[in-house]
Every structure is written in C-alpha cells, then in structure tokens.
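Q: I should like to learn how to read the features of a protein model. Could the discussion begin with its sheets?

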Amino acid sequence: MDGADAFAVAVEKGKQTRVRVDPARGAVTLSAWAEEWLERRVIGEATRCNYEGFVRNHLVPSLGRKPLAGLARRDFEKFVKGIYRGGAGLAASTVNDRMVLVAAIMEAAVVDKRITENPARGIRISRRGAVAVDEDAVPTPAEVDLIAAHITPQFRLAVYLQSGTGQRPSEALAFSTECRRSGFVRIRWQVSAKAHHEDCPTPFVPLKHRLEKECRDIPTALFVEQEIDAHLRRWKPVPVVFTGQKGKRIRLETFFAPRQPGAGVMPSIASYGYQFKKACLLAGLVDLDGKARYTPRSLRHFFASTALANGVPCHEVSRWLGHRSVKTTVDIYGHLLPSAWDRCRDVLQRAMRPVSQDATS
C-alpha cells in the first residue's frame with residue numbers, strides 16, 4: 001500500500017466509522033506535525049533533546065515528507081526495522097522507547113481528527129532472540145582497507161578498532177590512552193548519545209550491560225597496534241574531564257575528541273556513521289540501488305566472523321564482543337562457520353566408516 005492508497009483507505013474508514021476527517025488536515029507532513037507536537041510538550045530539557053534528536057536524525061529523514069494520512073502501518077514497520085538493523089547504533093530497548101514517542105505523535109493526530117487511526121501503535125522490536133547476520137553484511141579484508149583508506153583521516157583508526165577488536169561504534173569513539181595495554185585493549189567506556197552536545201556533562205558512560213567499574217579486555221593484532229601508533233604520530237590525545245555516575249571526576253586522554261579550539265563536543269555515532277557511509281560511496285562499495293553496502297556495525301561482524309571461522313573459541317569471541325551470553329553470539333554468527341560442517345563430516349565419517357589401513361596403502 002503506497003501513500004496514495006493509505007490516504008484513500010484512511011478517508012474511507014473515516015466514512016464508515018462516521019468520524020469526520022478533513023482531508024486537508026491529514027495532508028500536513030509528519031515532519032511539520034512532529035515539530036508542532038514537540039513544541040506543545042511540557043517536558044524536561046534533556047528529554048526534549050533526546051526526542052528532538054531522534055525526530056531530526058531518524059524519523060524525519062525516513063518518513064518526514066509523507067502526509068499524516070498517507071502513512072501506513074508498513075511504513076513504520078519498515079522504519080523501525082531500518083533504524084535497528086541499519087547501523088544507527090540504537091539498542092532494541094532504545095528503539096522501542098522511541099517508538100512510544102512516535103506512536104504518541106501519531107495518536108495526537110487521531111485526537112486532532114487529522115487521521116482516523118494510529119498506524120504506529122504497538123510497533124516495536126522483538127527482543128526474544130538475536131538476529132542472524134547476513135553474510136552479505138560482512139566485508140572482506142580488502143573492503144575493510146578500502147573503507148579505512150577513504151574515510152576522513154580522523155576516523156581511520158576507528159575503522160581498525162572495530163574490525164580488529166570488535167568494538168561497537170560508541171566504544172571505538174571513546175578510545176583513550178588508558179585503553180591501550182601490552183598486547184590488548186581494555187574497554188571501559190562508550191560515548192554517550194548526547195556527547196556531541198556542548199552542555200553534555202557526561203560524554204562517556206559505562207559499557208552496554210555493564211556497571212561503571214566493569215570493563216572487558218580484547219587481544220590486539222599487530223596491525224591494530226600499528227594503526228594506533230600511526231594515529232598518535234598525527235594527533236596527540238585530548239584530555240576530557242567528566243563526572244562519573246558516582247559523582248567522581250574522571251579524566252581521559254581521548255583519541256577522537258575535537259582538536260579545533262572552541263569545538264567543545266565529542267564526535268557522535270551519527271557523524272561517524274555519516275563519514276562511514278561517505279567512505280563506502282567513495283570506495284565504490286554500494287548495492288544495486290547505489291547506497292552504501294556496509295555500516296559501522298559491519299566491522300564488528302567482520303571481527304566476529306573472521307575469528308570464529310578460524311577456530312577461535314566461541315565463548316572467547318562472545319566475551320570480547322561484550323555479549324550477555326554465548327547464545328547471542330551463536331545466534332548471530334553460528335551460521336557463518338562452514339568449516340565446522342567439514343569437521344563434522346570428517347568426524348562422523350571416521351566414526352561410522354573408518355578407512356582401513358589396507359584401503360589407504
């Protein structure tokens with residue numbers, strides 16, 4: 001059902017239910033209506049910033065131009081799937097929380113008699129199980145190098161931190177001198193979703209599923225060490241002081257903090273994602289529609305699938321990725337282990353039909 005069909009259906013349903021909906025009132029765009037809705041809300045400043053950021057960065061680019069009456073349920077189903085799996089860096093819980101906001105925006109349009117029903121009501125991401133990664137979403141080693149070569153130099157190291165240690169985008173952007181150890185990196189922080197705001201008091205927050213004092217260690221290959229050295233030769237770490245969750249003042253010598261006087265903000269996942277997409281386009285890594293073939297999350301998939309395919313124990317990879325359980329790792333990457341099929345065939349063949357010494361001589 002396209003926008004025109006959805007509009008026609010909405011008008012017809014209005015007739016059948018005797019709800020009078022003026023077609024002109026439903027013609028306002030979602031972008032304009034969301035802005036109006038937000039202006040009328042009496043909410044805290046931090047909440048307003050979160051809502052406005054989500055609407056501006058995600059909702060408007062995807063659906064903002066569509067009229068309210070032209071929006072169908074499948075539009076929001078496609079939207080929620082896209083922002084969850086499309087590298088936006090949002091957890092399922094965050095996506096579901098923001099969809100409550102979207103549903104409230106659309107419900108207000110129902111109350112205001114602009115549409116007859118709410119197409120966003122009840123739409124959410126299921127967290128019953130992890131989604132297996134698509135093999136086409138995993139770049140090759142040569143493609144990882146291409147992305148690193150075409151991305152803005154400031155973010156080159158982030159590409160190799162992700163592909164070489166499996167860090168989430170938010171974790172790579174929080175990389176500091178304290179992370180670097182002999183033969184491994186110690187990850188303790190990730191950038192806050194509000195880190196790019198000048199007035200953000202806590203640009204760094206604890207890792208996903210972890211408390212402030214918790215961390216995880218990940219072994220580093222030589223090429224990762226070399227990329228860190230190359231980054232440091234070009235840019236010195238920038239000190240950032242912030243207040244932790246327990247009120248303690250913390251200082252980090254950060255690798256990706258702004259270096260221009262007066263910038264005063266951390267790079268966001270969105271700004272990194274934009275540069276990543278741009279690098280894919282410049283490198284020719286595009287799909288049939290001309291869109292970037294990979295997202296920052298693809299580099300995390302590269303790390304995990306490469307390690308697992310070469311015999312690194314699944315429980316170790318799971319711990320390095322920061323997954324809650326090994327089951328999550330198996331659900332996402334278990335099907336990318338064709339070598340395990342060959343081992344299984346050989347083991348069962350030797351057990352059931354062992355080749356005799358005479359047959360091999």
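**Reading sheets, helices and charges**

A: In this predicted model, three strands form an open sheet in the order 1-2-5, with antiparallel pairing. Strand 1 (180-181) and strand 5 (216-219) are the edge strands, each pairing on one side only.

Q: How many bridges join strand 2 and strand 5?

A: In general, strands of a sheet pair through backbone hydrogen bonds, either parallel or antiparallel. Here strand 2 (residues 184-187) pairs with strand 5 over four bridges in the antiparallel sense. Within strand 5, Arg216 stands opposite Ile187.

Q: Which side chains of strand 7 are buried, and which are not?

A: The general idea is that side chains in a regular strand alternate between the two faces of the sheet. In strand 7 (residues 249-254), Ile250, Leu252 and Thr254 point to one face and are buried, whereas Arg249, Arg251 and Glu253 point to the other and are not. Strand 7 runs antiparallel to strand 6 (residues 238-243), and six bridges join the two. Arg251 is the bridge partner of Val241. The hairpin of these two strands has five residues between them, and there Gly247 takes a positive phi near 85°.

Q: Why is helix 7 described as largely enclosed by the rest of the structure?

A: The reasoning rests on a count of buried residues. Nine of the 10 residues of helix 7 (residues 156-165) are buried, so the helix is largely enclosed by the rest of the structure. Among them are Leu157, Val159, Tyr160 and Gln162. Just after helix 7, Gly166 takes a positive phi of about 75°.

Q: How many salt bridges does a search of the whole structure find?

A: Side chains of opposite charge can pair when their charged atoms come close. The search finds 18 salt bridges. One of them joins Asp75 and Lys66, at 2.9 Å from N to O. Asp75 counts as buried because its relative accessibility is 10%, under the 20% limit, while Lys66, at 29%, counts as partly exposed.

Q: Which residue forms a salt bridge with Glu171?

A: Arg168 does, with the closest N and O atoms 2.9 Å apart. Glu171 is buried, with a relative accessible area of 1%, and Arg168, at 11% relative accessibility, also counts as buried. Elsewhere, salt bridges that share partners join Arg25, Asp112 and Arg114 into one network. Within that network, Arg114 and Asp112 have their closest N and O atoms 2.8 Å apart.

Q: Which residues form the negative surface patch?

A: The patch consists of Glu35, Glu39, Glu45 and Glu52. Helix 2 (30-40) and helix 3 (45-63) are the elements that give two or more residues to the patch. Glu35 lies in helix 2.

Technical notes
Residues numbered from 1 in each chain as written. Predicted model: local features only at pLDDT ≥ 70, side-chain atom pairs only at ≥ 80, totals over all residues. Heavy atoms only, no water. Buried < 20%, exposed > 50% of the residue type's maximum accessible area, 1.4 Å probe, protein only. Pairing = 2+ DSSP bridges. Patch = residues over 30% accessible without salt bridge, like charges linked within 9 Å, V, L, I, M, F, W, Y side chains within 5 Å. Areas by Shrake-Rupley, 256 points an atom, 1.4 Å probe, with all protein chains shown as cover. Salt bridge = Lys/Arg side-chain N within 4 Å of Asp/Glu carboxyl O. Lys, Arg positive; Asp, Glu negative; His and termini not counted. Charge placed at Lys NZ, Arg CZ, Asp CG, Glu CD.
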